[in-house]
Amino acid sequence: QVQLVESGGGLVQAGGSLRLSCAASGRTFSSYGMGWFRQAPGKEREFVASINWSGGRTYYTDSVKGRFTISSDNAKNTVYLQMNNLTPEDTAVYYCAHKTRVVAGRPEYDYWGQGTQVTVSS
């Protein structure tokens, strides 16, 4: 009932920037917000950032604070991830996800996009 489509990935040199986009469609009226996750080769999927539709509160994992910025265009049901000063450690498949609710401070995600590849060369 919720479809997510990521775009904006690609190949970039260390120190460069990329902006990812995620367009959501479907029953987003019940959505709490959106989040970005990534999975590097041989590693587990990890949380990157999230944003709430109402109020725009944002959250970041420590490794990207000061470099990445998550934002949203509520009217377009679209979330963005501006990634600056990229390093090879940022290489991963990036996924956007639909944050359906937060229970006792714990966010829950129910729909995921197909992912977009981000490769940072050294």
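# Questions on a predicted all-strand chain

Q: What is the handedness of the disulfide of Cys-22 and Cys-96?
A: The torsion about the S-S bond of Cys-22 and Cys-96 is about 55°. The value comes from a predicted model. With that torsion the disulfide is right-handed.

Q: How many residues apart are Cys-22 and Cys-96?
A: The structure holds one disulfide, and Cys-22 and Cys-96 form it with their sulfur atoms 2.0 Å apart. The pair links distant parts of the chain: Cys-22 lies in strand 3 and Cys-96 in strand 9 (residues 92-103). Along the chain, the two cysteines are separated by 74 residues.

Q: Is Cys-22 buried or exposed?
A: A residue counts as buried when its relative accessible area is under 20%. Cys-22 has a relative accessible area of 0%. Its disulfide partner, Cys-96, also has a value of 0% and is buried. By the cut-off, Cys-22 is therefore buried.

Q: How many helices and strands does the protein chain have?
A: From the N terminus on, the elements run β-β-β-β-β-β-β-β-β-β-β. The protein chain thus has zero helices and 11 strands.

Q: What is the radius of gyration of the protein chain?
A: The chain has 122 residues, for which the globule rule gives 14 Å. The computed value is close to this, so the chain is as compact as a globular protein of that length. The C-alpha atoms fill a box of roughly 40 × 25 × 25 Å along the principal axes. The radius of gyration is 14 Å.

Q: What percentage of the residues in the protein chain is buried?
A: The protein chain exposes about 6,500 Å², and carbon and sulfur atoms supply 46% of that area. Buried residues are counted over the 122 residues of the chain. Their share is 41%.

Q: What percentage of the contacts with a separation of 6 or more is between residues 24 or more positions apart?
A: The count takes in contacts in the protein chain with a separation of 6 or more. Those between residues 24 or more positions apart make up 55%.

Q: Why is strand 8 (residues 78-83) described as largely enclosed?
A: Strand 8 has six residues. It is largely enclosed by the rest of the structure because the number of its residues that are buried is five.

Q: Which residue in strand 8 is the bridge partner of Ala-23?
A: Strand 3 (residues 18-26) and strand 8 run antiparallel and are joined by six bridges. Ala-23 has its bridge partner in strand 8. That partner is Thr-78.

Q: Which residue in strand 8 stands opposite Ser-71?
A: Strand 7 (residues 68-73) also pairs with strand 8, in the antiparallel sense and over six bridges. Across from Ser-71 in strand 8 stands Tyr-80.

Q: Which residue in the turn between strand 7 and strand 8 has a positive phi?
A: Strand 7 and strand 8 form a hairpin, with four residues between them. In the turn, a positive phi of about 50° belongs to Asn-77.

Q: Which strand gives the largest share of the largest nonpolar core?
A: This core has 26 residues, and Met-34, Trp-36, Val-48, Phe-68, Leu-81, Met-83 and Tyr-94 touch the most other members. The elements that give two or more residues to the core include strand 1 (2-7), strand 4 (33-39), strand 5 (46-52) and strand 11 (116-121). The largest share is four residues, and it comes from strand 3.

Q: How far apart are the C-alpha atoms of Val-48 and Asp-62?
A: Val-48 is found in strand 5 and is buried, at 0% relative accessibility. Beyond its neighbours within four places in sequence, Val-48 is in contact with residues including Trp-36, Tyr-60, Phe-68, Leu-81 and Tyr-94. Val-48 and Asp-62 are 14 residues apart along the chain, and their C-alpha atoms are separated by 8.6 Å.

Q: What is the phi of Asn-85?
A: Asn-85 is found in the loop between strand 8 and strand 9. At 45% relative accessibility, Asn-85 counts as partly exposed. Although Asn-85 is not a glycine, its phi is positive, at about 50°.

Q: Is Ala-104 buried or exposed?
A: Ala-104 is found in the loop between strand 9 and strand 10 (106-112). Its phi is near 55°, a positive value in a residue other than glycine. Exposed means over 50% relative accessible area. At 85% relative accessibility, Ala-104 counts as exposed.

Terms used. Residues numbered from 1 in each chain as written. Predicted model: local features only at pLDDT ≥ 70, side-chain atom pairs only at ≥ 80, totals over all residues. Heavy atoms only, no water. Buried < 20%, exposed > 50% of the residue type's maximum accessible area, 1.4 Å probe, protein only. Pairing = 2+ DSSP bridges. Disulfide = S-S within 2.5 Å. Core = buried A, V, L, I, M, F, W, Y, C linked by side-chain atoms within 4.5 Å. Rg over C-alpha atoms; globule rule 2.2 N^0.38 Å. Contact = heavy atoms within 4.5 Å. Areas by Shrake-Rupley, 256 points an atom, 1.4 Å probe, with all protein chains shown as cover.
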